[in-house]
Amino acid sequence: MSAAPFPIHPLSLAAENFRGLGGTHTLDFSRGLAVLVGKNGAGKSSLLVAVEWCLFGQPTTKKTDSGIAERGDWALAHYGATGDVSVSLELAVEGGRARLTRRRAVGARARDEDDVQLELPEHEVLSGHEVGDWLAWNNMPDWSTWKRSFCQHQEQSRARVTDTADRSTAIAAMLGLEEFRTLNDDLRKLRVKKLEQRAADELARLQEERRRALERPGLVLRELEGRLAESGVGAGQAGEAELAERKRKLLDDAAEVAARIGLGDALIPPASAPADEWIAWARAWSGEVRRKVDALARERVELSSRAQMLAASIGSLEPARTAASAAEHARDRLERELGSAPELTKKRTELEGERRRLDAAGKLIQDALDVVQSAPNPHVCPVCDHERSDLEQVVQGKLDARGSDARAAELEQLRARDEDLRAQLDRVESAASAQTAARAQVAALERGLRDQLPERTGEGAAVDEVLRAWRAEEREVSEGCELAERHVARHGESLQLLELMLQLDGARARASVPAGELADLSEFQELQRVIEEAADFASDIKALGDMARGLEDEQAEEQLAAVNASIDTYFATITGDSGRGRVRVQSKRTPTKVSYQLIDEAGRPITSHLNQAAFNALSLATLFASADSRARRGLPQFLVLDDPGQSLDEDHQAGLARALTKCASFAPVLVGTVPGALADALSGAGGADARTYQLARAEDGMSTIIREE
């Protein structure tokens, strides 16, 4: 690609699903002047922003990114769109035509990148960052330059003349000073004085660190000696002999505890082990001991629980056996006194038989009397047929001899004797049940006791021996845990003291090394070299800056007259003022930069006494002069204006139409305006080189209709 200037400019636009437009729309810029005429909301601004979005992407639609504070965050996609948002610009480029296309998926997230492609002549296709690099290489503007010198936004119609930075940058561009200003800006950003100061600060820091480094061994040594003294070890004691003795004591204590708690001494290093090895062991040893103590504590709890349960079982068994023996003696005593349960049951059975015989005899005599009395001849025995005149009296006498009162008394005696026997039987059976229950309780306790004992352990004295053994083991475990806890506390203190003694030995060695000179340090020598190079660099930068400012002055002087004439001419064309010299550029130099002001023929800042219409006219004149300057130098140029006739009356709008027509002779111009004086003037002034598009909302209110007149 060649870097020679070529006046790249757009030829046509195609937009699909973009903002309020809806559908697909095309515009032709090939005649130079394209006028978009429509009422508010017809879609003019959407078409103008479509050009910017195609060139620059998302920064054009976001208030925070665009740098236009009055602009809200605009939604790109038409609210009825189902496909991607797409805008294409056909560009006239060196060697033919190119097509720049930017697409964005509907529903894309804010951080998602646009899909950008540039189709160049001879079918070369660029994408992504390659597109931006190609545009910059061919002198296409960036977004900031576009806002200053290529477009007029409704939101910022006057910034190019009211903002000092924007105004100075725009005028410098008209004077052809972009390269000089860029060089000066880059030189200022180098901040050589700050670089020198940073080098000096770094030297001071290095000197301070060196001083502290020289003092540090002595400080560390004194601190260690003080900490050892607090532990009862004087500086004279902290030698190799004391260190070896304390190390031996530490290892002996560890071996004793290991043997007591069953940890084993395999983990303990020999006394001859290197310092780093036994220090590493000593730091880990406390953890090993604590883990073993935790296991022993759980074992102690288990032993205590088993011993308590066994003691409780032993304590419950003897009373149960005593109760069972007492129940057996009570049963034997009752059986000797009253008889056994079978004997008492037999006696009750005999009494029951006697009662039944008594009832049967009485019933038999009564039946005989009833037979005699009911027989046809009461004097004849119904059994033997013997006749006896007093037979009824004899039977009645037998019945009377066993009268009802006598029988009742006899039966009552039998019942009383039975009640006594039943009570005696209940006592004997209750005693037998109590004896059985006592024996069952003893058997259950004996089974529970056997379950708690180790296998092959007998009862009686052996059980007591097991209990004593368990309690002795519990005491031994408790004493081992207490010993280990005391050891861990001593071990930590001893280890800390030993580490201090080892550190003291190293600190003494470091403190005895003589300190070198600061100048001998490689860091210091490198810093000195950097400082000297910085001083040389600062001198070169100053010379280069002076040269750049001198060349800038020469270039500005050559171009100033042409720029003054261009701004003044366009201002006069718009306002209708035939006078010349009303607007001039004045430069103001400081030691670090050059700024530019627009003044009137009296040398006053012209913006200080302009009305609204003149303000707008001056802003537009500056914009047109910038386009004129770029066109003269063969740089890309294109003008986009959104409702530029604001605050202008019909005469001023007619002047604006003349100025726009003049600009359209050397650069494509796209203007959006409402129906009225400016639209009529542009339609009449543009002639055959102008295209007028009428924009209106469709009947559904959701899309735009574009019709070329």
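Here is a walk through a predicted model, starting with its two sheets and ending with its cavities.

Let's begin with a sheet whose strands come in the order β2-β1-β4-β5-β6-β7. This sheet is open, has 6 strands, and its pairing is antiparallel. β2 and β7 sit at the edges with a single partner strand each, so one side of each has no neighbour in the sheet. Going from one strand to the next, the twist averages 15°.

Now zoom in on some of the pairings. β1 and β4 are antiparallel partners joined by 7 bridges, and H9 has A92 in β4 as its bridge partner. Further across, β5 (residues 96–104) pairs with β6 in the antiparallel sense, this time over 5 bridges. In that pair, T101 stands opposite Q117 of β6. On to β7 (residues 125–127), which is linked to β6 by 3 bridges and again runs antiparallel to β6. There, E119 is matched with V125 of β7. β6 and β7 make a hairpin with 5 residues between them, and E122 in the turn has a positive phi of about 65°.

β6 is a nice strand to look at side chain by side chain. In a regular strand, the side chains alternate between the two faces of the sheet. Which residues of β6 point to one face and are buried? They are V116 and L118. D115, Q117 and E119 point to the other face, and they are not buried. A helix belongs in this picture too: α3 (residues 129–137) lies across β4, β5, β6 and β7, and runs at about 110° to β7.

Before leaving this sheet, stop at its edge strand β2 (residues 24–28), where you'll find H25. Is H25 buried or exposed? Its relative accessibility is 11%, and buried means under 20%, so H25 counts as buried. Leaving aside neighbours within four places in sequence, H25 is in contact with L13, A14, A15, T704 and I706. Two of those partners, T704 and I706, carry numbers that fall in β14 (704–708), which takes us to the other sheet.

That sheet is also open and has 6 strands, in the order β8-β11-β12-β3-β13-β14. Its pairing is mixed. The edge strands here are β8 (151–152) and β14, each pairing on one side only.

Start at the β8 edge. β8 pairs with β11 (residues 639–642) in the parallel sense over 2 bridges. C151 has V640 in β11 as its bridge partner, and Q152 stands opposite L641 in β11. On the next step, β11 and β12 are parallel as well, with 4 bridges, and V640 stands opposite L670 in β12. What about the faces of β11? Both are covered: L639 and L641 on one side, and V640 and D642 on the other, are all buried.

One helix that packs on this sheet is α17 (residues 650–663). α17 touches β3 (33–38), β11 and β12 (669–673), and its direction makes about 155° with that of β12. Between β11 and α17 there is a loop, and L648 sits in that loop. L648 counts as buried because its relative accessibility is 7%. Setting aside neighbours within four places in sequence, the contacts of L648 are A613, N616, L620, Q653 and L656. L648 and A617 are 31 residues apart along the chain, yet their C-alpha atoms are separated by 8.2 Å.

Two cysteines deserve a quick look. C151 is buried, with a relative accessible area of 0%, and C663 is buried with a relative accessible area of 0% as well. How many disulfides are there? The count is 0; a disulfide here would need a pair of cysteine sulfur atoms within 2.5 Å.

Finally, what about empty space inside? Searching the whole structure turns up 2 cavities of 30 Å³ or more. The largest cavity holds about 80 Å³ of space. It is lined by 13 residues, and the closest to its centre are P10, L55, M140, W146 and F638. β1 (9–16) and β4 (85–93) each supply at least two residues of that lining, which brings us back to a pair of strands from the start of the tour: β1 and β4, with their 7 bridges.

Technical notes. Residues are numbered from 1 along each chain as its sequence is written. This is a predicted model: local features need pLDDT of at least 70, side-chain atom pairs count only at pLDDT 80 or more; totals for chains, interfaces and linings use all residues. Side-chain values use heavy atoms; hydrogens and water are left out. Buried means under 20% relative accessible area, exposed over 50%, partly exposed in between (1.4 Å probe, protein chains only). Two strands pair if DSSP finds at least two bridges between them. Contact means heavy atoms within 4.5 Å. Axes are lines fitted to C-alpha atoms, for helices over the stretch in contact, and angles run from 0 to 180 degrees between N-to-C directions. On a 1 Å grid over the protein atoms alone, a cavity is a set of points where a 1.4 Å probe fits but cannot get out, and a pocket is an open set with protein on both sides within 12 Å along at least five of seven lines; lining residues have an atom within 4 Å of a point. Grid points are joined across faces, edges and corners, and a volume is the space filled by probe spheres set on the points.
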